[in-house]
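Subject: Structure handover and notes

Hello,

Here is the structure we spoke about, followed by notes on what was found in it. Please read the notes with the coordinates open.

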Amino acid sequence: MKHSTFIDPFKNIRKDNSLVYIESNNERIPLILRYKDVRKAAFDWKTFSSDAPFRVPIPSEETMRSVRQLPIETNPPQHKEYRAIVEPFFKRPIELEYIQCIEDLIEQMLNEASSKGIVEIVRDFSVVLQSKALTYLLNVPEEEADIWIKWGIHVFHGGGNGAKKGAALESYINQKFDYVESHPGEDFFSALSKAIFQGRALSRDEQVGFANLAFAGGRDTIINIISCIMAYVADHPEVLEALRQSPRLITSATEEFFRIVSPLTFIGRVCPTDTELHGETIKAGERVGLCWASANFDETIFKDPETFKLDRKPNPHIGFGFGPHNCLGAPQARLIVKTLLKKLCEMDSSMIITNATPNIEREISYERKLGFQDLRIEFTVIP
């Protein structure tokens, strides 16, 4: 079996049941599995609410941060107003100058990888790429990435105590806001320090809430998809050859990678009142999980869902969520993946996986491969 095989652990469960339960910190949470059900729930914010500080992520993060993440942990119409404050930064990936910066970065990183021979892809390539690209998004010096790279794959989980990592992140963010109070610029922190919400300045907690999400929200997901793509094209060199022959397929390949990798398995919602869901009663205050990873393999929507198809059309995946809370970072993620595929096609090196240790997400009802703990690829220059 190749290292990059995609397996849907929800296939049999989804056919027999609309829900499956997981255990998270002594909380029993039902996951909604079917595509149409997940989309419906994601759109119905009154029944399945995001106005739940610390409880939108699963597991919840009460011990890892002290602020509500914005705008994700709010509902409309507040959500739309909060989102509008930072949207100009998250739309920057559609600008030509920005696109060129990402292209230059990825080309440089691939050239360096080719010259090294064997490269550890997760921490030495994917983490670095995500961190440096984020400096462009937030319009801060690229040197800041040196700090972020040390945080590892996730700003809260892994590598030690989550509360300690969370406190370190908040301390870093507060230092940035302290600095821009007397040294304002054109960066993300300065924009938040000057932002107006409903006729008033943002509080420090609101500012930190935005920045917290910027660092936590798209970090491990981008790292996972970069690693999975590198593994897949190393295992399937014919994919890059097909893209070289038909560059127009890079866009559809990008969307297919987001569908089949589904780098965020699920996200939480809270039911404000007792809610009937597929014959089960979710009591007021209890959570459900919207399982993007299951929905993106729903065989009633996607033909041969476990097969990677370069030209899959239509491809209505929900790898970036759905409804009012669709992912703010989608333009950045799409640009990184499209550019990575483009630059891999231009590279004059072959790739062979020399070691692959998958990261396995284990729950009581399923096991799912979610990226890699360690992935080593040998680059060999083609004469």
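Which residue in S11 stands opposite Glu-361? Arg-368 does. Before going further, please note that this is a predicted model.

The three-stranded sheet

The pair just named belongs to the contact between S10 and strand S11 (residues 367-381), which run antiparallel and are joined by 12 bridges. These strands are part of an open sheet of three strands, ordered S3-S11-S10, and its pairing is antiparallel. At the edges are strand S3 (118-120) and strand S10 (349-362), each of which pairs on one side only. From one strand to the next, the twist averages 20°.

The second largest pocket

S11 and S10 also come up in the second largest pocket, which has a volume of about 380 Å³. Its lining consists of 21 residues, and those nearest the centre are Thr-5, Phe-6, Ile-7, Lys-369 and Leu-370. Helix H12 (249-261), S10 and S11 are the elements that give two or more residues to this lining. S11 gives the most, with six residues.

The four-stranded sheet

A second topic is the open sheet of four strands, in the order S1-S2-S9-S6, where the pairing is mixed. Its edge strands are strand S1 (19-24) and strand S6 (266-270), and each pairs on one side only. Here the twist averages 35° from one strand to the next. S6 and strand S9 (residues 287-291) run antiparallel and are joined by five bridges. Within that pair, Ile-267 stands opposite Leu-290 in S9. H2 packs on this sheet, where it touches strand S2 (27-32) and S9, and the direction of H2 makes about 125° with that of S9.

The loop between H2 and H3

Several of the local findings fall in one loop. Arg-65 lies there, between helix H2 (35-43) and helix H3 (78-90). Is Arg-65 buried or exposed? Arg-65 counts as buried, because its relative accessibility is 4% and the cut-off for buried is under 20%. What does the side chain of Arg-65 make a polar contact with? The partner is the side chain of Glu-73, at 2.6 Å. A polar atom of the Arg-65 side chain also lies 2.9 Å from the backbone oxygen of Val-67. Leaving aside neighbours within four places in sequence, Arg-65 is in contact with Phe-54, Pro-57, Glu-73, Phe-156, Glu-170 and Asn-212.

Ser-66 lies in the loop between H2 and H3 as well. Ser-66 is exposed, with a relative accessible area of 52%, whereas Arg-65 is buried. Not counting residues up to four places away in sequence, Ser-66 touches Phe-54 and Glu-170; both of these residues are also on the contact list of Arg-65. For a long-range reference, Ser-66 and Asp-374 are 308 residues apart in sequence, and their C-alpha atoms are 32 Å apart in space.

Phe-54 is in the loop between H2 and H3 too. Phe-54 is buried, at a relative accessible area of 18%. Its backbone is worth a look, as noted next.

Backbone geometry

Most residues other than glycine have a negative phi, and most peptide bonds are trans. The following residues and bonds are listed against that background.

- Phe-54 is not a glycine, yet has a positive phi of about 75°.
- His-278 is not a glycine either and has a positive phi of about 50°. His-278 lies in the loop between strand S7 (275-277) and strand S8 (280-282), and is partly exposed, with a relative accessible area of 40%.
- The peptide bond from Leu-70 to Pro-71 is cis, with omega near 0°. Pro-71 has its place in the loop between H2 and H3.
- Lys-313 and Pro-314 are joined by a cis peptide bond, with omega about -5°. Pro-314 lies in the loop between helix H13 (292-295) and helix H14 (330-346).

To recap the H2 to H3 loop: it holds buried Arg-65, exposed Ser-66, Phe-54 with its positive phi, and Pro-71 of the cis bond from Leu-70.

Regards

Definitions and conventions
Residues numbered from 1 in each chain as written. Predicted model: local features only at pLDDT ≥ 70, side-chain atom pairs only at ≥ 80, totals over all residues. Heavy atoms only, no water. Buried < 20%, exposed > 50% of the residue type's maximum accessible area, 1.4 Å probe, protein only. Polar contact = N/O pair within 3.5 Å; in protein donor to acceptor, adjacent residues only side chain to side chain. Contact = heavy atoms within 4.5 Å. Pairing = 2+ DSSP bridges. Axes fitted to C-alpha atoms, helices over the stretch in contact; angles between N-to-C directions. 1 Å grid on protein atoms, 1.4 Å probe; cavity = no way out; pocket = protein on both sides within 12 Å on 5 of 7 lines; lining within 4 Å. Points joined across faces, edges and corners; volume = space filled by probe spheres on them.
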